[in-house]
Number of protein chains: 4
Amino acid sequence: MIKVALFGMGYWGRNLFRVISSNPGLQLAAVVDPAPGLQERLAASHPNVKVYPDAAPVMADSDIDAVVIATPVASHYDLARAALDAGKHVMVEKPMCSSSDEAADLVFRAAARGLTLMVDHTFLFHPAVMKLAELVHSEALGRISYFDSQRVNLGLFQPDVNVLWDLAPHDLSIIDYLFQHEPVEIEASGYCHVNPTSPDIAYLTFHYPGSMVAHLNLSWMSPVKVRRIAVGGSAQMAVWDDLNREEPLKVYDSGITFQSEQERHMILPSYRIGSVHSPRLAGSEPLVDVLEHFRRVILGQERCKTDGRLGLRVVRTLEQAQAKLDFSLRRVRNGLAAQQASVVAAE
Amino acid sequence: MIKVALFGMGYWGRNLFRVISSNPGLQLAAVVDPAPGLQERLAASHPNVKVYPDAAPVMADSDIDAVVIATPVASHYDLARAALDAGKHVMVEKPMCSSSDEAADLVFRAAARGLTLMVDHTFLFHPAVMKLAELVHSEALGRISYFDSQRVNLGLFQPDVNVLWDLAPHDLSIIDYLFQHEPVEIEASGYCHVNPTSPDIAYLTFHYPGSMVAHLNLSWMSPVKVRRIAVGGSAQMAVWDDLNREEPLKVYDSGITFQSEQERHMILPSYRIGSVHSPRLAGSEPLVDVLEHFRRVILGQERCKTDGRLGLRVVRTLEQAQAKLDFSLRRVRNGLAAQQASVVAAE
Amino acid sequence: MIKVALFGMGYWGRNLFRVISSNPGLQLAAVVDPAPGLQERLAASHPNVKVYPDAAPVMADSDIDAVVIATPVASHYDLARAALDAGKHVMVEKPMCSSSDEAADLVFRAAARGLTLMVDHTFLFHPAVMKLAELVHSEALGRISYFDSQRVNLGLFQPDVNVLWDLAPHDLSIIDYLFQHEPVEIEASGYCHVNPTSPDIAYLTFHYPGSMVAHLNLSWMSPVKVRRIAVGGSAQMAVWDDLNREEPLKVYDSGITFQSEQERHMILPSYRIGSVHSPRLAGSEPLVDVLEHFRRVILGQERCKTDGRLGLRVVRTLEQAQAKLDFSLRRVRNGLAAQQASVVAAE
Amino acid sequence: MIKVALFGMGYWGRNLFRVISSNPGLQLAAVVDPAPGLQERLAASHPNVKVYPDAAPVMADSDIDAVVIATPVASHYDLARAALDAGKHVMVEKPMCSSSDEAADLVFRAAARGLTLMVDHTFLFHPAVMKLAELVHSEALGRISYFDSQRVNLGLFQPDVNVLWDLAPHDLSIIDYLFQHEPVEIEASGYCHVNPTSPDIAYLTFHYPGSMVAHLNLSWMSPVKVRRIAVGGSAQMAVWDDLNREEPLKVYDSGITFQSEQERHMILPSYRIGSVHSPRLAGSEPLVDVLEHFRRVILGQERCKTDGRLGLRVVRTLEQAQAKLDFSLRRVRNGLAAQQASVVAAE
C-alpha cells in the first residue's frame, strides 16, 4: 500500500482526492491546503486523512511514499523539489513548471535519486487519444500532414497562467505522444482582451520535421465550448470531438486525390469522399488510469508514459511559444499605437 | 431589358447562366467560353444565346449592356477593362483581380465612365450574413472582440490561385461588410503540401482598430468540410455554421463575466451560460439576389453593396496577407533546411 | 426519342418538367394544366412544348408515346386509364390511385396491352434506400426485427389526402422493396386536429411474417421536420436520417447480446456498444434516375422496379390501414363523447 | 436529522446511497441487500452504516424514521406496507407497485397513519421537465395537441418488468405533471422478440380530454439510445432531447398556420418556420433534489410533488395499457398463426 499526500484541493484536486481514495493500492494519508474549514469537513467523512495547511509535515513524514501536486503552477517546482529531496515519488499537474530550467532540474533530481517523476497529462490516458495514437503509429492515416486543434471556452481567467499555459499543454502533450517530435519553428499571435498583460486568445502554428504542421486555436472568450482535434494524413483523416458523446472519434476514409484539369471542371463540391467510421472507445475514466499507472510505475511494474522528460519538453515548447507570442503582441500593440498617433496627427 | 454576356462556363459560370436566364429583367445574349461542344449543346436548349470562343465579338457588340465575368482570376482584369472601355457595365467574380493595382485601375475606369463595377461577393447577400450584420450594427452583440472563421474542405487545387486567394475573399468581404475596417496588422503562416510553391493550408490573424482580432483557418486538405464563423462580443456571441441546415445561425446570450477569485475556485466547467437563440433566416438563393441587385444598380435604383472599392479593399488585404505568408513560408523552409543540414553534419 | 406529356405543374410537376427536359432520350412534347398564364410563360422559354388546359388533345395525339401524371390523387385513375387505353405508357405519382380496385384495373389494362405502368416511388431510387436494401438482402443486418419510421413535418393539408395517404406511401414502398412482404396485421391510431374528418397525425403498426414489426409515426403537426428510419437486425442496425447531409446513413455494429442475470446487475447504461459506420452514398438526384428508368423500361432495356403491382400493393395496404384508422378514430370519438356526457350528467 | 434505511444496492440503489449520504439533513443508518461481500465493503468505507441481508431488523428499529425502497418492483408493496405499518415514512422507486390495488392500499395506509408516501419519479425534478411544465402551465405553447415520446435503447431485459413497465413510467409521470389528466382511451401494440411473453417493443397511444393525444415509442431493441419528447401546441412546440448536452430543450416559435388553397401551391417544403430558442437550464442533479424534497415533506415543510396518488395513477394507466397490449399481442399472434396454417394447408 503506497501512502500518498495530496497538495491542493481546488477543482482538479477534489477529483484527485476521489480517485486516489478509490484506488485499493493507494492510501490517501494527508491533504495539504490552507482553505478554512477543510479540516472539519474531512474529519467527519474521512477521519483517517490528515489535513495540513502547509507542506512541512508531509515532507517530514517518512511514512509518506508519494505526493500528488495540484496547486497553482508557480508552486509546482518548490513542492516537487522538496518532495524529491525528501525521497518521495512525485506526480505533478500540468504544466509541470513555470520554466524549462525548473522542469530540467526536477528531471535531474528524480533521476539522481531513482524516484518516479510523473506529470499528470491526463489526456494521454484518454481512450480517444490512445486510439488516435494507434491510428498514427500503425500508419493507418498514412503520412501525416497536419494536426489542427480548436480548444475554446469561457475561461476561468486564472491568476498565474494565460490561455497558452492553460490550454496548450493538452495539445502539446498529445502531439508529443502521437509524433515524438519537438517543433522546429513556432509562429504565434493572439490578443489580450481582459487583462492587458495576459493573452486570452492565442493562435499557434508549430512546424515539425517531415512536413507536419500543427495549429492551435486557443481561447477563453468563447461561450461555446469546442474541443476538436483533426489529424490529417495521406490515407485517412481522424477527427476527435470531445463533446460528442455518441461518436467522439470519427475516421474519414478519404485522402487528397488528384484529378486531371479536364475532370476538375465537372466536379461539384462534395462534403466528403469516403465513408466514415466511428470506432468504439473504452469507457473508463482516464484519471483512474493515471493514478493506477503512477502506482505501478512507483512499483517498477510499468515504464512511465508521462514522465518528467515529457513534461519538460512541453514546458520548453510553451516557453518558446510564449516568446513568439510576446513578440507578436508587442509588435501589434506598437502598430496599433502608431496608427492611432498618425490619425491624431492628421486631425 | 438589360442584355448580358457571360464569360466562363465553369462550375460557377453555369450557376450564373441559370440565374441570369431566370431573371425576367435580364436577357442572356451571349456566352463566351472556348469549351468544345458548348455551342452545340446551347443551340438546342437555348437557341437565342450566342456562343463565342473569345471575347472580341461581345466587346464589339454595342447591343450588349453588361458583362458577367466568371473566368479564372488571371483574366479578370483584361476582360473587365476591355468591357468598361467598351462602355459596358461589369460584374466580376471574386477575387476581383490578381493585384490591387489592377483593381484600382478598374475602379478608376468605371468611375470615369459612370459605369457599374460590381464584384460577386455572393455571401454579402446570404441571409445569415445579413443577419450577422444586423446583430453587429445594432450593437446587439456589444463590443466585438473577435471574428473566428474555419473554412476547410478538400480543395480543387486550382491552377491560378492558392488557398488564401480561393477561400479568404469570403471572410474578408464579410469582415469588411460587418466592421467597415481594413486590418492594421496581419500575421500569417501556412504550409504547401501538394504544390511546393502554393500553400494549401493558411492561418491568418488580422488585427483591426478597436481591439478586434480576426482569425482565419483555411485549408484545402480537410475531407471534412467546415464553414463556421464565430463573432464574439461583450454582450452576445453569434456562430454561423453554413452546413447546419436546420439552425445555421445561433446567438448565444452569454458574455464574459468576472468572478471574484474566491468564487472562481468553486466553478465547475459549464458548456454555456445563457440561452441560445436561432433566428429564422429567409430562404432565397443569394445568387438570385446578386443578379437582381446588379440589374437595379445598373438602372440607378440601388446603391451598389459590393462595388469595385469593396473588391479593391479585399484584394489589397489579400496582397498584404500573401506577403506575410510568403515571408513565413520562406523562413520556415530555411529553418527546416538548416535543421536538416545540422542533422546531416552531425552524422 | 420518346415523346412525353406531363399532367400537372404543381410543386412536384415542376420538378418532373425540369428532369424530363434534361433527359436526352425523352422529349417533353406537351404539358397539361389549367393554371392561367402557364401557356404564356412556357411559350417564351420552351416554345416547343405544347400547353393544354385538359387531357383530350394529348390522348388523341398518336405521336405522344408516354404520359407522366402528377395531378391530385383523385384524378390518377381516370387519366392513367385513358392513357393506357390510348396505347400510351404511363408513369403515375404516388399513391398510385385512391383505391385498390382502381389500381388493380390499371395493372390489368397495362398488362393486357403490353404497356409500361410505373409508379413514381422516387425513394426506391434514393442512394440511402438502395444501400439499405443491399444491407438487408445481403443479410448484413442479420435477422430483421423492426422497421421504425418517424416522418413528421408541418403539413400542407392537401385537400384530397390525409396524413396517411400523404406520408405512408414512402415507408410502405420502402418496406415492400426491402422485405417483399405485405403486412399480416395492421393496427392504427391517430387524431384529427385541424380537419375533423381527416387525420393529421397517424401511428401505424404493421406486423409481417417472420417476427418483423414496422411502426410509422406520421404527422403534419410538427414544426420540426424529422425523416428517420431505423432498421434493426440481429447483427446490426441501420439508421437513415434524410436530413443529415454529412452522414445520412449510419450502420451500428451492435446487436442484442444477452448477459447472465449476475452480469446484468453490473452494467451501466451505455449509448452504444459497437462501432458506427457511415458508408459513402452516391450523389445523383433520384428523380433523374426515375425518369431514365422509365425510358429504359419502355424500351425493354430494364425490368420495372416500381411497377403497377408494387403501386397496387402499397394502395391495398393504405386502404387496410385507413379502415383500421377509421375504426380507431370512431371508437375514441365515442369514448370521449361518452366521458363528456357522464361528466355533464354528474353535474 | 432523519435516519434512513435503504433497501436495494443495485444500479439505482448505489446512486441513492451516494445522494442520501451527502444530504446533511439525512443520516443513512442502514442498508438492506443480500449481496455477498457488501457488509465487508461498507464496513471499511462507511463504518456507521449497518448492513442487513433482510428487512426485519430495519422494520423493528424504531430509531429509523424513513425507508427508501430500490428493490425489484415485485417486492415494493410488501416492503412499503411493512414500513408504513411500522410507522416509517416511505420513498419507493418507480413504478410504485405491480398493481393498482397494491398502490391504492399503500396510499390508504399512509394517509391513515399520516406518513409520507413518495414515489421516486426523478424526472419531475429534472430541469427540462420543470421548464416544460412552466411552458405548458403558462400557456406559452398554446393549446396542446400532442405529446410524442421516443424512448429507446438496448434494454437490460429485467426479469420482473417488460419494456412498458420499465420505460413508460417516465412518460406517464411527466404527462401527469404537465397535464393533470388520466387517459380516456388507450391503444397499444408491440412485439416480443426476445422473451415470448414479455414485450421488448411497445407503441402506445393515449387519448386525453380536450384533443390531446400522446404517443410513446418504447424499445429495448435499439443500439442507438433516443430520449426525445416533443410537446406540440397551437403557439409553439417544445422538444426535449435528453442526450443533447449543449441544448437539451428547444422551443420552436412555430405553430400550424393555414394558407389559402391558392398560396399552398406556391409553398416549397421548409424545415421550420419560426426561430428556435434554447433556454438555459439549471444544472443540479435531480436525484439530489428528490431526496431533499423527501426530507422536507417528512418535516412538513413542502407538499409532496410525487406522492402516492401520482404513483397510483401511473400504475393504473400502466395496468390499462398492459391489458390493451396483451390483447393486441394475442390477436396478432393468432393472426400470424392463422396465416401460417393457411400457407401450410395450401402446400
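C:Ile69 has C:Val92 as its bridge partner in E5(C). Strand E4 (residues 66-69) of chain C and strand E5 (residues 89-93) of chain C run parallel and are joined by four bridges; two strands count as paired if DSSP finds at least two bridges between them. Helices (H or I, at least four residues) and strands (E, at least two) are DSSP runs, numbered from the N terminus.

This is a predicted model, in which local features need pLDDT of at least 70 and side-chain atom pairs pLDDT 80 or more, while totals for chains, interfaces and linings use all residues. Residues are numbered from 1 along each chain as its sequence is written, chains are lettered from A and ligands numbered from 1 in the order in which they are written, and side-chain values use heavy atoms, without hydrogens and water.

The open sheet of chain C has six strands in the order E3-E2-E1-E4-E5-E6, with parallel pairing. Strand E3 (50-52) and strand E6 (117-120) of chain C are its edges, each pairing on one side only. From one strand to the next, the twist averages 25°. Helix H9 (residues 286-298) of chain C packs on this sheet, touching strand E1 (2-7), strand E2 (26-32), E4, E5 and E6 of chain C, and its direction makes about 155° with that of E5(C). Contact means heavy atoms within 4.5 Å; axes are lines fitted to C-alpha atoms, for helices over the stretch in contact, and angles run from 0 to 180 degrees between N-to-C directions.

In chain D, helix H6 (residues 127-137) and helix H7 (residues 163-179) pack at about 35°, with axes 9 Å apart. Residues of H6(D) in this contact include D:Val129, D:Leu132 and D:Val136, and those of H7(D) include D:Ile174 and D:Phe179.

Over all chains, the structure holds 68 salt bridges, each a side-chain nitrogen of Lys or Arg within 4 Å of a carboxyl oxygen of Asp or Glu. Three of chain B are listed here.

| Acid | Base | Closest N and O atoms |
|---|---|---|
| B:Asp171 | B:Arg151 | 2.9 Å |
| B:Glu292 | B:Arg295 | 2.8 Å |
| B:Glu302 | B:Arg296 | 2.9 Å |

B:Asp171 lies in helix H7 (residues 163-179) of chain B and B:Arg151 in strand E7 (residues 144-154) of chain B, so the pair ties together parts 20 residues apart in sequence. Both B:Asp171 and B:Arg151 are buried, that is, under 20% relative accessible area, where exposed is over 50% and partly exposed in between (1.4 Å probe, protein chains only). B:Glu292 and B:Arg295 both lie in helix H9 (residues 286-298) of chain B, three residues apart.
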